[in-house]
Amino acid sequence: MQTKRLLWLGVPVLVVAALLPMSVSAGGAKHVRWDIIHLVGGAPPGPVTAGGVASASAPDGDTITLTGSGTFVAPAGSNGGSGAVTGGGTWQTSSGSGTYRVTELVSFVFANFQSATPVLNDMIGDTNERANGTAVLRVQFSDGQSGVLAVGSHGPGAPPGICEGIATTKGYKTYYAVHDPVGGVDANRTIFHVH
């Protein structure tokens, strides 16, 4: 009798365990590619490719210009960090230039998938995976300084409040004044592809 009761108690546990993987995969880890993009002509339809530039300025007027792309895995169920990262690019300021590499995801907040209009000739990834949001990445610069890179994608259909472009720290200096994209100018644009 005791064995039957234990078996019946085990059935709900097995049902929950069987459903758990489906729930995790539905809201599971997000695999994300980020790019500072090259938008031919500076306006849709593009084409959109990797290899663009984006800039931000510090309070003293110094400007940093970056290229870059990479990937990261954002853990399920939180906006938390991850060491599952790749990527980097180049940097240039008034006092030097070099490369940087991404060492860690600090956070990623997914806002929404981009709307289908305007049509973009996306040469980077699946058009249906284009997303709006903000990523914060820990980076290491080739001159030995470290920093934090914020990448914001405010593409078609984005909710208000997301910056389009980049902001970064490099050592003690804060390049927080994001340079806005301007129509007809191929600069200061980013994109995420989330799958």
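**Exercise 1.** How many nonpolar, polar and charged residues does the lining of the largest pocket have?

*Solution.* Keep in mind that this is a predicted model. Start with the pocket itself: its volume is about 210 Å³. Next, look at what surrounds it: 17 residues line this pocket, and L39, L120, G155, P156 and R189 are the closest to its centre. Then check the elements: strand 1 (30-39) and strand 13 (190-194) are the ones that give two or more residues to the lining. Finally, sort the lining by class, and you get nine nonpolar, six polar and two charged residues.

**Exercise 2.** Find out which strand gives the most residues to the largest nonpolar core.

*Solution.* Begin with the core, which has 27 residues. Among the members that touch the most others are W34, F72 and F192. Now go to the strands: strand 8 (residues 130-141) comes out on top, giving five residues to this core. Strand 8 is also mostly covered, with nine of its twelve residues buried. Don't mix this core up with a second, separate one of six residues, which includes L39, V48, L120 and I191.

**Exercise 3.** Work out which strands pair with strand 8, and in which sense.

*Solution.* Take the partners one at a time.

- Strand 7 (residues 96-113) runs antiparallel to strand 8, joined by eleven bridges; here S107 has V136 as its bridge partner.
- Strand 9 (residues 146-153) is antiparallel to strand 8 too, over eight bridges, and R138 pairs with V148. Four residues lie between the strands of this hairpin, where G144 takes a positive phi near 95°.
- Strand 13 is joined to strand 8 by two bridges, again antiparallel, with A131 opposite F192.

Conventions
Residues are numbered from 1 along each chain as its sequence is written. This is a predicted model: local features need pLDDT of at least 70, side-chain atom pairs count only at pLDDT 80 or more; totals for chains, interfaces and linings use all residues. Side-chain values use heavy atoms; hydrogens and water are left out. A nonpolar core is a set of buried Ala, Val, Leu, Ile, Met, Phe, Trp, Tyr and Cys residues joined through side-chain atoms within 4.5 Å. Buried means under 20% relative accessible area, exposed over 50%, partly exposed in between (1.4 Å probe, protein chains only). On a 1 Å grid over the protein atoms alone, a cavity is a set of points where a 1.4 Å probe fits but cannot get out, and a pocket is an open set with protein on both sides within 12 Å along at least five of seven lines; lining residues have an atom within 4 Å of a point. Grid points are joined across faces, edges and corners, and a volume is the space filled by probe spheres set on the points. Ala, Val, Leu, Ile, Met, Phe, Trp, Tyr, Cys and Pro count as nonpolar, Asp, Glu, Lys and Arg as charged, and the others, Gly among them, as polar. Two strands pair if DSSP finds at least two bridges between them.
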